[in-house]
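User: Please take a close look at one part of this model for me: the surface around the DNA. I'd also like to hear how that part fits into the rest of the protein.

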2 protein chains.
Amino acid sequence: MIVAHVVCSYIGGMEIRHADRIADALEELVFTGQFNDGDRLDEIRLAKQFGVSRTPIREALQRLVVSGIAEQLPRRGVFVRQPGPVELMEMFETMAEIEAVCGRLAARRISDAALAELDQANRLCREAVSSHDTDAYYLENERFHHTIYAQSGNSYLAGQALRLHRRLKPFRRLQLRLRGRMAQSMAEHEEIVAALKAGDDQRAASALRDHVGIQGEKFRHLMMELRTAAE
Amino acid sequence: MIVAHVVCSYIGGMEIRHADRIADALEELVFTGQFNDGDRLDEIRLAKQFGVSRTPIREALQRLVVSGIAEQLPRRGVFVRQPGPVELMEMFETMAEIEAVCGRLAARRISDAALAELDQANRLCREAVSSHDTDAYYLENERFHHTIYAQSGNSYLAGQALRLHRRLKPFRRLQLRLRGRMAQSMAEHEEIVAALKAGDDQRAASALRDHVGIQGEKFRHLMMELRTAAE
DNA sequence: AATCATATTATTGTATACAAAAATATTGAC
DNA sequence: GTCAATATTTTTGTATACAATAATATGATT
């Protein structure tokens with residue numbers, strides 16, 4: 001019997017391979033906490049869920065494994081690997097250091113146009129703070145940091161920074177909900193721009209390291225609270 | 001007809017999945033320059049070459065794509081992506097900065113045992129230099145750097161450093177062949193250890209940044225020579 | 001001969017088939 | 001009832017089958 005199965009959908013320049021689409025979807029599901037640490041990613045269950053065969057699912061899983069989002073035990077399956085408290089703090093520290101590096105390089109390489117973009121992002125951030133628009137704040141905050149990565153003048157480094165930034169996204173979001181954190185974060189942003197404008201690389205590095213370091217601290221504090229609350 | 005195909009070999013704790021073994025093999029082939037930039041990784045050719053079907057080959061290819069070693073054009077195939085001169089210099093700069101970060105953190109966290117290990121690695125390095133044993137030098141040099149990564153006290157950061165270090169391995173090896181480079185590199189190692197012993201984080205960071213930065217410079221010089229020689 | 005349209009082939013992406021290993025259930029001995 | 005040994009089921013890993021698209025060849029037209 002010949003089954004007329006549609007292999008892929010060609011809508012615009014969108015995803016073409018099911019495996020790609022599924023890898024992205026699974027990554028998103030893991031990042032948004034739809035899966036717990038240690039959960040097995042059942043191939044046949046996912047195949048049914050996504051309406052495809054096991055083949056594209058398995059290809060997607062390979063990608064998750066290489067990304068470090070999941071772990072593969074041969075002949076046992078693929079299991080999601082959510083970072084624990086220790087690894088998370090390490091990731092925040094690494095993010096702080098990488099941002100500091102970006103800032104140090106950017107201080108000597110940044111363009112006037114990019115400085116103006118940072119100013120605008122901060123302006124929109126301030127507006128978001130006054131109107132208590134967390135989502136808008138988050139968006140402009142992201143633009144702020146991405147601009148600094150790009151202005152490091154090193155696209156490889158910028159790519160690595162983006163990767164980690166994306167990975168930490170769900171955790172960073174949490175600490176932003178803390179009372180007064182948005183306003184404090186804004187002040188830190190101003191200091192960063194001031195350092196960049198002055199072309200002071202050491203100061204820019206310190207400001208960025210502290211800014212991200214505080215995020216990690218706040219997040220750790222949140223986790224501790226959750227932990228003690230659970231006891 | 002039933003074919004008695006052996007799925008996998010269980011020799012010791014070795015590789016179990018063909019896909020894993022093939023991914024490693026392909027990565028090695030790309031790193032050692034067996035493939036040129038833009039070469040298509042032909043599924044059926046590789047399948048024949050490795051004596052397996054296309055399925056494990058394709059799973060291996062997914063891994064290469066995520067690692068950034070290859071690029072996938074939907075419906076076209078997977079192509080190896082060797083970093084060009086610009087990207088290579090960016091990678092060296094990033095490596096220098098990451099090593100500097102590791103050194104800065106290590107200066108405040110390193111153990112006496114690790115300091116002794118660095119001293120020993122340098123001693124063996126010096127011996128290798130006098131006996132012109134490039135391989136031995138390379139091995140101890142690697143141990144030196146890996147120890148510093150580990151002593152950053154941040155295993156996530158150390159992992160990232162290891163990744164990039166591994167990626168740059170074939171390129172770093174080249175510049176070591178330059179006249180007097182090994183001796184110069186040794187002196188730089190001594191300075192790094194001195195800074196770490198003194199617990200001077202700024203000095204350790206600078207020493208490591210310069211050390212790796214010089215590697216990048218030497219490599220760039222080599223590339224320029226190759227380029228002009230080709231004209 | 002050059003160019004465009006069509007036919008052919010090759011290759012990718014997915015589905016299915018099947019063997020090996022792991023997980024689970026069942027049975028039997030004590 | 002508990003534990004161990006065997007049987008059954010599930011699941012992984014790989015091979016193969018097949019449809020859709022890309023690449024190439026063929027041929028008609030000028």
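Analyst: Let's begin with the term we need most: a polar contact is a pair of N or O atoms within 3.5 Å; within protein, one atom must be able to donate a hydrogen and the other to accept it, and residues adjacent in sequence count only if both atoms are side-chain atoms. This is a predicted model, so to speak of local features a pLDDT of at least 70 is needed, and side-chain atom pairs count only at pLDDT 80 or more, while totals for chains, interfaces and linings use all residues. Residues are numbered from 1 along each chain as its sequence is written, chains are lettered from A and ligands numbered from 1 in the order in which they are written, and side-chain values use heavy atoms, with hydrogens and water left out.

Now to the DNA. Arg54(B) reaches a base of DNA strand C: an N or O atom in its side chain is 2.8 Å from a base nitrogen. Arg75(B) also has a base partner, with a polar side-chain atom 2.6 Å from a base oxygen of strand C. Arg40(B), in turn, places a side-chain N or O atom 2.5 Å from a phosphate oxygen of the strand. The elements that contribute two or more residues to the surface near strand C are α1 (18-31) and α3 (54-67) of chain A, plus α2 (43-50) and α3 (54-67) of chain B. Here helices (H or I, at least four residues) and strands (E, at least two) are DSSP runs, numbered from the N terminus. The largest share of that surface, 3 residues, comes from α3(A).

How many residues surround DNA strand C? There are 26, and the closest are His18(A), Ser53(A), Arg76(A), Arg40(B) and Arg75(B). Of the strand C atoms that come within 4 Å of the protein, 71% belong to sugar and phosphate. Being near the strand takes one heavy atom of the residue within 4 Å of it. By class, the surface has 8 nonpolar, 7 polar and 11 charged residues; Ala, Val, Leu, Ile, Met, Phe, Trp, Tyr, Cys and Pro count as nonpolar, Asp, Glu, Lys and Arg as charged, and the others, Gly among them, as polar.

Next come the two protein chains. Chain A can be laid on chain B by a turn of 180° and a shift of 0.0 Å along the axis, with an RMSD of 0.1 Å. This is the relation of a two-fold axis. The copies are superposed by least squares on the C-alpha atoms of residues with pLDDT of at least 70 in both. Because 100% of the interface residues of chain A are also interface residues in chain B, the copies meet through the same surface.

Salt bridges also tie the assembly together. One is a side-chain nitrogen of Lys or Arg within 4 Å of a carboxyl oxygen of Asp or Glu, and by this rule the count is 42 over all chains. In one of them, Glu93(A) meets Arg109(B), 2.7 Å from N to O. Glu93(A) lies in helix α4 (residues 85-109) of chain A and Arg109(B) in helix α4 (residues 85-109) of chain B, so this pair joins two chains. Glu93(A) is partly exposed at 24% relative accessible area, and Arg109(B) is partly exposed too at 38%. Buried means under 20% relative accessible area, exposed over 50%, and partly exposed in between (1.4 Å probe, protein chains only).

Arg109(B) has another neighbour: Gln151(B) touches it, along with Ala106(B), Ile110(B), Ser111(B) and Ala114(B), not counting residues up to four places away in sequence. Contact means heavy atoms within 4.5 Å. Gln151(B) sits in helix α6 (residues 134-151) of chain B and is buried at 18%. A polar atom of its side chain lies 3.2 Å from the backbone nitrogen of Ser111(B).

Within chain B, Arg108(B) and Asp201(B) form a salt bridge of 3.6 Å, N to O. Arg108(B) is in helix α4 and Asp201(B) in helix α9 (residues 201-230), so the pair ties together parts 93 residues apart in sequence. Arg108(B) is exposed at 53%, whereas Asp201(B) is buried at 17%. Salt bridges that share partners also join Arg17(A), Asp20(A), Glu59(A), Arg63(A), Glu43(B), Arg54(B) and Arg58(B) into one network. That brings us back to Arg54(B), whose side chain has the base nitrogen of strand C at 2.8 Å.
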